[in-house]
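Here are some notes for a colleague who is looking at this structure for the first time. Please read them with the structure open beside the text.

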Amino acid sequence: MTLTIRPARPGDEETVYALVRGLAVYEKLAHEVDATAADLGAALFGPQPRVFCDLAERDGAPVGFALWFYTFSTFRGRHGLWLEDLFVEPEHRGGGVGKALLAHLARRCVAEGLARFEWNVLDWNAPAIAFYTAQGARILDDWRSCRVEGAALTRLAGD
């Protein structure tokens, strides 16, 4: 069975959306997904995309994805890469797909001289934490994520 990783391209919107839905179900967050395939297509393939997606395919069939974007570190004075989502279909886990997606992005970081490759992992997701640490990731326990959305975002904006 051949595993390939390729950039998502126009026409892959439904595939990316299905993988996002699969991730949301796994993370018990399906109720939070209000994006549509069209929304993802516009973000990924619009005139000036700020987010990117790589698809993992086994024998031509999609089995996983990595959705990412560039960040910037003022301390390093260089850009980095933020992995927003990584997901492998359950029946394809343990076969090297996740590792191949991470390695693909790591090679991009090295080739582009990026300072960091970062992402979040849910604290209850022990299999993912074990997988990431086995790949060399360091879990940053002293950092907490912050989020402002919805009505709080509107209030903060002063509207």
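1. In this predicted model, Arg-108 has a relative accessible area of 26% and therefore counts as partly exposed. Its salt-bridge partner is Glu-112, with 2.8 Å from N to O, and Glu-112 is likewise partly exposed, at 37% relative accessibility. Both residues belong to helix α3 (residues 97–112), where they sit four residues apart, about one turn of the helix.

2. Salt bridges with shared partners also join Arg-6, Asp-12 and Glu-57 into one network. In that network Arg-6 meets Asp-12 at 2.8 Å, N to O, and it pairs with Glu-57 through N and O atoms that are 3.1 Å apart at their closest. The pair of Arg-6 and Glu-57 links distant parts of the chain, since Arg-6 is in strand β1 (residues 3–7) and Glu-57 is in strand β2 (residues 52–58), 51 residues apart.

3. Are the members of this network buried or exposed? Asp-12 is buried at 9% relative accessibility, Arg-6 is buried at 14%, and Glu-57 is buried at 11%. Across the whole structure, the search finds three salt bridges.

4. On the surface, Arg-76, Arg-78, Arg-116 and Arg-138 gather in a patch of positive charge. Of these, Arg-78 lies in strand β4 (residues 78–88) and is partly exposed, with a relative accessible area of 39%.

5. A nonpolar surface patch of about 290 Å² is formed by Val-148, Leu-153 and Leu-156. Val-148 is found in the loop between α4 (126–134) and α5 (150–157), and at 43% relative accessibility it counts as partly exposed.

Notes
Residues are numbered from 1 along each chain as its sequence is written. This is a predicted model: local features need pLDDT of at least 70, side-chain atom pairs count only at pLDDT 80 or more; totals for chains, interfaces and linings use all residues. Side-chain values use heavy atoms; hydrogens and water are left out. Patches are made of residues with over 30% relative accessible area and no salt bridge: like charges are joined within 9 Å, nonpolar side chains (Val, Leu, Ile, Met, Phe, Trp, Tyr) within 5 Å. Accessible areas come from the Shrake-Rupley method with a 1.4 Å probe; for residues, only the protein chains shown count as cover. A salt bridge is a side-chain nitrogen of Lys or Arg within 4 Å of a carboxyl oxygen of Asp or Glu. Lys and Arg count as positive and Asp and Glu as negative; His and the chain ends are not counted. The place of a charge is taken as NZ of Lys, CZ of Arg, CG of Asp or CD of Glu. Helices (H or I, at least four residues) and strands (E, at least two) are DSSP runs, numbered from the N terminus. Buried means under 20% relative accessible area, exposed over 50%, partly exposed in between (1.4 Å probe, protein chains only).
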